[in-house]
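Subject: Structure handover

Hello,

Here is the structure I promised to pass on. Please open it alongside this email, and then read on for what turned up.

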Amino acid sequence: MTEPEVSDPHVAPADAGDGLLGTLERLQARLGALTLPLEAPGVDVARTDRAAALTQLDDYLLPRLRARSAPLLVVVGGSTGAGKSTLVNSLLGSEVSAPGVLRPTTRAPVLVHHPLDERWYSTDRVLPGLARLTGHPGAGARGDDAQVDPARALRLVASDALPRGLALLDAPDVDSVDVGNRRLAAQLLDAADLWLFVTTAARYADAVPWDLLHRAAARHAQVALVVDRVDPGTEEVVQDLRRMMDENGLPDAPLFLVPEAPLTDGLLPEHAVADVATWLTALGADAPAREAVATATRDGVVDDLVRRSHVLADAADVQVATDARLRRTVAAAYDDGAAHVRAATSDGAMLRGEVLARWQELVGTGDLLRSVEQGVGRVRDAVTGFFRGTPAPAPRVEQAIAHGLAAVVLDAADEAAERTHAAWRGDPAGAALLQGLDLARASTTLRAEVDAQVRGWQSDVLELVREQGQSRRGTARYLSFGVNVAGVSLMVLAFASTGGLTGIEVGIAGGTAVVAQKLLEAVFGDDAVRRLTVEARERLDARVTDLLAREAERYTAQLDALGAARADGAGLRAVAADVERAAHADRAGRPAGTPSAPSPAVGAALRGAGWTRGDGTPGTATGAPGETTPPGDEPTARGGWWRRLLGGRPRDDA
């Protein structure tokens, strides 16, 4: 017999398009791109669901669809100390999986396969995230165990005792105190075509195993249960366990009993494992039955993925909403900061203190103010004399304005930072983003940036004055003596004017703004002054708004880096709907009919399969040692296991 190639006539073509495989690959890409970085309500469950969905796609579903005739993978899982490894060894007749004496046992799970099926598992076709070790554990193993993490490795063991087309995987304890063992056990069970779940008569009602079994029932995974170490007189365990199976969605799952029995060379006697051995041997000999089991599990996984995808799409929407909420908090705080600067620089408050003192040094409040009060003609005469004279240097006023304006902007930036920090700190999603960051105050480099922007605005104002002066010959003559004075006057007027209106309170700062207004009107005219004032304020607003927006980016950059706003719940729902339609079409295209009766076992048979009593008549253990099933009532004769496994209870008269 030649060794088979991994190529499979049932393998779907690479260009599966919108078929089931193609839509699942698109779903895989969508789930892979989905990020749930913000600590939104329910996000921990959603992250776990996403990881489980991707793992099941990678480990089981896509490999199974690409190679439908691959051997049936039976994962033997269960509680701590349930005897999983002993059961596997007893079925094979040799120690291929070392039983754990100390708990927790940290070792690579063991996958036993027929020698001709090795290539199905030596590649990364299934469980691609696990390294491969080969050979029996202990002496003679060919893998470099010392360099491989047992929690991320899979040991492959070939055994002629196992029927071809069937593989057994001994998984870690599902309730191990070691978190890595528990996670690996769940991952392996999710990669199974069939769960062979082992418990004991003393622990069959434990909560952790039933959590997993309930999850298996919810996605219609194919499950068989083994109750190990059943003592004489505890047969009521079967009735109670069957009741629990009915209540938890597993009414049709096969149930096997393994009686308490002494070990010989570490193995259970044949009669103790006869039921399980006969069943698995028959399953290994029946290709249609294996395909039906794999198909039923695959269908359940597809349905579960569709359900999970819709839940994850909702979680994606929550991420987008959370991102938007945090951004609104930032925008509100810094918009209010910009509004504060606009108010503080337009209500005359800037025209007090140092600015007032320096302005009075520049223009005085005596003759020029009296000229303002006596009429425009006298103002023009005074302005002409003012510009032709030698007024105090303007830079001192500019410096006072710069200091005052910088202080207003810095205060606004600090207030916005404090408000945003407090709001984010009170939001779980925002609080997680603040860890390790000092954002409660304005950035340390802001002072220099504010000074640069203030100087830039003052240069803007002076340029406006120059441009206006160049358009009028007479004005240019005035400005040749005092462009800085005119510029400072425009700054002063901008601080007491809103939207170009000049309804200035004469009492503010001793008429300071009125003097600046009349001085500029005498040089440029009323209309030009209004326009220049509006332009000066707009340029100041633009610079302040841009400066505060860059400060706000300290917060929004945290959100930008995570990309939660790009979570596409609608796109994920659409792909999930495509998968659902493709699955329906796939199922509708299958030939009608029910699985045939199992074929007689040929070739390899597990230890205990077809076990006979001393008188040569067949019998299988169903309860305590020594109790046997009447001749002719064996599972292989009546076929009830297949009906239970594939969707229906055996008939009462079966």
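Are F256 and W279 buried or exposed? Both F256 and W279 are buried. More on that pair below. Please keep in mind throughout that this is a predicted model.

**Overview**

The protein chain has 654 residues, and 51% of them are buried. It holds 21 helices and 8 strands. The chain exposes about 28,000 Å². Carbon and sulfur atoms supply 52% of that area. Now take the contacts with a separation of 6 or more: 79% of them join residues 24 or more positions apart.

**Aromatic pairs**

The structure contains 4 aromatic pairs. Two are described here.

In the pair of F256 and W279, the ring centres are 5.1 Å apart. The planes meet at 45°, so this pair is tilted. The cut-offs matter here: under 30 degrees would count as stacked, and over 60 as edge-to-face. F256 sits in strand β8, while W279 sits in helix α8. The two are 23 residues apart in sequence, so the pair ties those parts together.

W457 and F495 form another tilted pair. Their centres are 5.7 Å apart, with 35° between the planes. W457 belongs to helix α15 (residues 446-470). F495 lies in the loop between α16 (473-494) and α17 (512-524). That is a link between distant parts of the chain, 38 residues apart. W457 and F495 are both buried.

**Nonpolar cores**

In soluble globular proteins, nonpolar side chains tend to be buried together. The largest nonpolar core in this model has 74 residues. Which of its residues touch the most other members? They are L24, L61, L169, W195 and L225. Helix α2 (residues 43-66) gives the most to this core, with 9 residues. Another core, of 65 residues, lies apart from it. Its members include M350, L351, V465 and L559.

L225 deserves a look of its own. Leaving out residues up to four places away in sequence, L225 touches F197, L213, L241, M245, A253, P254, L255 and F256. The last of these, F256, is the strand β8 residue in the aromatic pair with W279.

**Helix α5**

Helix α5 covers residues 179-190, which makes 12 residues. From its first C-alpha to its last, helix α5 reaches 17 Å. That is close to the 16 Å expected at 1.5 Å a residue. At its start, a side-chain oxygen of D178 comes to within 3.0 Å of the backbone nitrogen of G180. The buried residues in α5 are N181, L184, A185, A186, Q187, L188, L189 and D190. What do the buried residues of α5 pack against? Their partners are α2, β1 (72-78), β5 (166-173), β6 (194-200) and α6 (207-218).

**Two buried residues in helices**

S309 is in helix α9 (residues 287-344). Its relative accessibility is 1%, so S309 counts as buried; the cut-off is under 20%. A polar atom of the S309 side chain lies 2.7 Å from the backbone oxygen of L305. Beyond its neighbours within four places in sequence, S309 is in contact with L27, L572 and A576.

T86 is in helix α3 (residues 84-92). T86 counts as buried because its relative accessibility is 16%. Not counting residues up to four places away in sequence, T86 touches P99, L263, G266 and L268.

**Positive phi**

Most residues other than glycine have a negative phi. Two residues to check in this respect are R229 and D265.

R229 is not a glycine, yet its phi is positive, near 60°. R229 lies in strand β7 (residues 223-230). At 38% relative accessibility, R229 counts as partly exposed.

D265 also has a positive phi without being a glycine, at about 55°. Where is D265 placed? D265 is in the loop between β8 (255-259) and α8 (270-285). D265 has 76% relative accessibility, so D265 counts as exposed.

Best wishes

Terms used: Residues numbered from 1 in each chain as written. Predicted model: local features only at pLDDT ≥ 70, side-chain atom pairs only at ≥ 80, totals over all residues. Heavy atoms only, no water. Helix = DSSP H or I, 4+ residues; strand = E, 2+ residues; numbered from the N terminus. Buried < 20%, exposed > 50% of the residue type's maximum accessible area, 1.4 Å probe, protein only. Contact = heavy atoms within 4.5 Å. Areas by Shrake-Rupley, 256 points an atom, 1.4 Å probe, with all protein chains shown as cover. Polar contact = N/O pair within 3.5 Å; in protein donor to acceptor, adjacent residues only side chain to side chain. Core = buried A, V, L, I, M, F, W, Y, C linked by side-chain atoms within 4.5 Å. Expected span 1.5 Å × (residues − 1). Phe/Tyr/Trp six-rings, centres within 6.5 Å; stacked < 30°, edge-to-face > 60°.
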